[in-house]
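Please read the sequence alongside the coordinates, and keep both in view while the packing of the interior is followed from one side chain to another.

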Amino acid sequence: HIDNSEIRIVNLHLTRVGQHGVTDSLTSLYAKAIKLTEFESINDRRKLAQAKEIIDSIANEERPTILSGDFNDTPNGQVYRLFSNHYTDAFSVRGWGLGATFGEATIRKEFSGSFFERFIAKDIIRIDHIFVSSHFKVESARVITDAVGSDHKPVMARLRIME
């Protein structure tokens, strides 16, 4: 409860986008490409089904609602579009720049010790989001770039409940 308003907060982590280990037993580049395509297609369908289930479960929610977490989808993805059709992405309204939350740690691990490691400087995609219902005015949003402890950077938003 904030100022006598009950708020619904939904924290989520949808199916991951990575394919680590999926092709380890395959030697042919063609076989690996086919396997990755199948894997990503299955994960995309699973992730979209999860997103639809969440949207459906709160479709009639009248309370101010915040949905946040690892959506494992970029702003040009189907899952992101599904949520943005119903809610406002705080970063897209009041954030600045790319707002990248993921990539650097994983890429560094992949290229650790190689020539390319020195060129990896920043996270490259935004897959962590805060969506809010129309009850909120987004005053600011940002990615906390100096955070440690996860391979993702946290997103923070300052919200005001509309009168």
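The paragraphs below take up the nonpolar cores, then the aromatic pairs, and then one arginine.

The model is predicted, and its interior is a convenient place to begin. The largest nonpolar core consists of 16 residues, and those with the most contacts inside it are Leu12, Leu14, Leu67, Phe71, Phe83 and Phe131. Strand β1 (8-13), helix α1 (29-57) and helix α2 (78-84) each contribute at least two residues to this core. A second core, separate from that one, has 11 residues, with Ile66, Phe91, Val132 and Val155 among them.

Leucine 67 gives a view of the surroundings of one core member. Once its neighbours within four places in sequence are set aside, leucine 67 is in contact with Val10, Leu12, Ile54, Ile58, Phe83, Tyr87, His129, Ile130 and Phe131.

The aromatic rings can be followed next, since a search of the whole structure finds 4 aromatic pairs. One of them joins phenylalanine 71 and phenylalanine 83 in an edge-to-face arrangement, with 4.9 Å from centre to centre and 85° between the planes. This pair links distant parts of the chain, 12 residues apart, for phenylalanine 71 sits in the loop between β2 (65-70) and α2, whereas phenylalanine 83 belongs to helix α2 itself. Phenylalanine 71 counts as buried because its relative accessibility is 1%, under the 20% limit, and phenylalanine 83, at 0%, counts as buried as well.

Another pair is formed by tyrosine 80 and phenylalanine 131, whose ring centres are 5.4 Å apart and whose planes meet at 55°, so this pair is tilted. Because tyrosine 80 lies in helix α2 and phenylalanine 131 in strand β4, the pair ties together parts that are 51 residues apart in sequence. Both tyrosine 80 and phenylalanine 131 are buried, and ring pairs link Phe71, Tyr80, Phe83 and Phe131 into a cluster.

Where, finally, is arginine 126 found? Arginine 126 is in the loop between α4 (104-111) and β4 (128-132), and it counts as buried because its relative accessible area is 10%, again under 20%. Its side chain makes a polar contact of 2.7 Å with the side chain of aspartate 89, and another polar contact, of 3.5 Å, joins the side chains of arginine 126 and histidine 129. Leaving aside neighbours within four places in sequence, the residues in contact with arginine 126 include Asp73, Thr74, Pro75, Tyr80, Asp89 and Phe91, as well as Ser92, Leu98, Gly99, Ala100 and Thr101.

Definitions and conventions:
Residues numbered from 1 in each chain as written. Predicted model: local features only at pLDDT ≥ 70, side-chain atom pairs only at ≥ 80, totals over all residues. Heavy atoms only, no water. Core = buried A, V, L, I, M, F, W, Y, C linked by side-chain atoms within 4.5 Å. Buried < 20%, exposed > 50% of the residue type's maximum accessible area, 1.4 Å probe, protein only. Helix = DSSP H or I, 4+ residues; strand = E, 2+ residues; numbered from the N terminus. Contact = heavy atoms within 4.5 Å. Polar contact = N/O pair within 3.5 Å; in protein donor to acceptor, adjacent residues only side chain to side chain. Phe/Tyr/Trp six-rings, centres within 6.5 Å; stacked < 30°, edge-to-face > 60°.
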